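Grab a pencil and work through these short exercises. Each one has a task, followed by a solution in steps.

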Amino acid sequence: MKIVLCAGVFDLLHVAHIRHLEAARKMGDCLMIGLTDDEHAEKEKRKPINSQQERMEMLLALRCVSQVTLCRNSLDALEQWLPQIFCKGHDYLEKGLLAAEIAFCVDHGIEIRHTRENAQTTSAIIERIRNG
């Protein structure tokens, strides 16, 4: 069975998340999500608007998602799942992955793939809400 892993905060679930997860699911037999817990999401980016339980419930409601587990970060999720494929959004082609993520994938024979570009972002949605 080919396991695909996506990891992230997935706060304010929107169309780009859905497209990313559906595309990732097509890369393998099942899609696992490493959901960044509230404590670590706040340290990395910002305090999530939706709690980790609510974010998990929304993700599990999607047909393309097989399972969701809480994690500290993507490296923690990689260690939990040891997938065959680690799938990141297109924006990570420019941002780049963390050196530790790349090293872990290389050491464990995990293929890194990216989904297609999608302009929608959670940060942009929040900014539009703030500015009216």
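**Exercise 1. Is C64 buried or exposed, going by its relative accessibility?**

Before you start: this is a predicted model, where local features need pLDDT of at least 70, side-chain atom pairs count only at pLDDT 80 or more, and totals for chains, interfaces and linings use all residues. Residues are numbered from 1 along each chain as its sequence is written, and side-chain values use heavy atoms, with hydrogens and water left out.

Step 1. Get the cut-offs: buried means under 20% relative accessible area, exposed over 50%, and partly exposed in between, with a 1.4 Å probe and protein chains only.
Step 2. C64 comes in at 12% relative accessibility, so C64 counts as buried.

**Exercise 2. How many disulfides does a search of the whole structure find?**

Step 1. A disulfide is a pair of cysteine sulfur atoms within 2.5 Å.
Step 2. Try C64: its closest cysteine sulfur is in C6, 8.6 Å away, which is too far for a bond.
Step 3. Try C71, which is buried at 2% relative accessibility. The closest cysteine sulfur to that of C71 is again in C6, at 12 Å, also too far for a bond.
Step 4. The search of the whole structure turns up zero.

**Exercise 3. Work out which way helix α3 faces.**

Step 1. Helices (H or I, at least four residues) and strands (E, at least two) are DSSP runs, numbered from the N terminus.
Step 2. In α3, residues 52-60, pick out the buried ones: Q52, R55 and L59.
Step 3. These cover an arc of only 65° around the axis, so they sit on the same side of α3. The arc is taken from the directions from the helix axis to the C-beta atoms.
Step 4. Flip to the face turned away from the buried side, and you'll find the exposed residues Q53 and E57.
Step 5. The cover over the buried residues includes α1 (15-25), β2 (30-36), α2 (38-44) and β3 (67-71).

**Exercise 4. Where does N50 lie, and what is N50 in contact with?**

Step 1. Look in the loop between α2 and α3.
Step 2. Contact means heavy atoms within 4.5 Å.
Step 3. Skip the neighbours within four places in sequence, and the contacts of N50 are D11, L12, D38, R55 and M58.
Step 4. N50 has 19% relative accessibility, so it counts as buried.

**Exercise 5. Place strand β4 among its partners.**

Step 1. Two strands pair if DSSP finds at least two bridges between them.
Step 2. β1 (residues 3-8) and β4 pair in the parallel sense over two bridges, with L5 partnered by F86.
Step 3. β4 and β5 (residues 111-114) also pair in the parallel sense, over four bridges; here I85 is partnered by E111.
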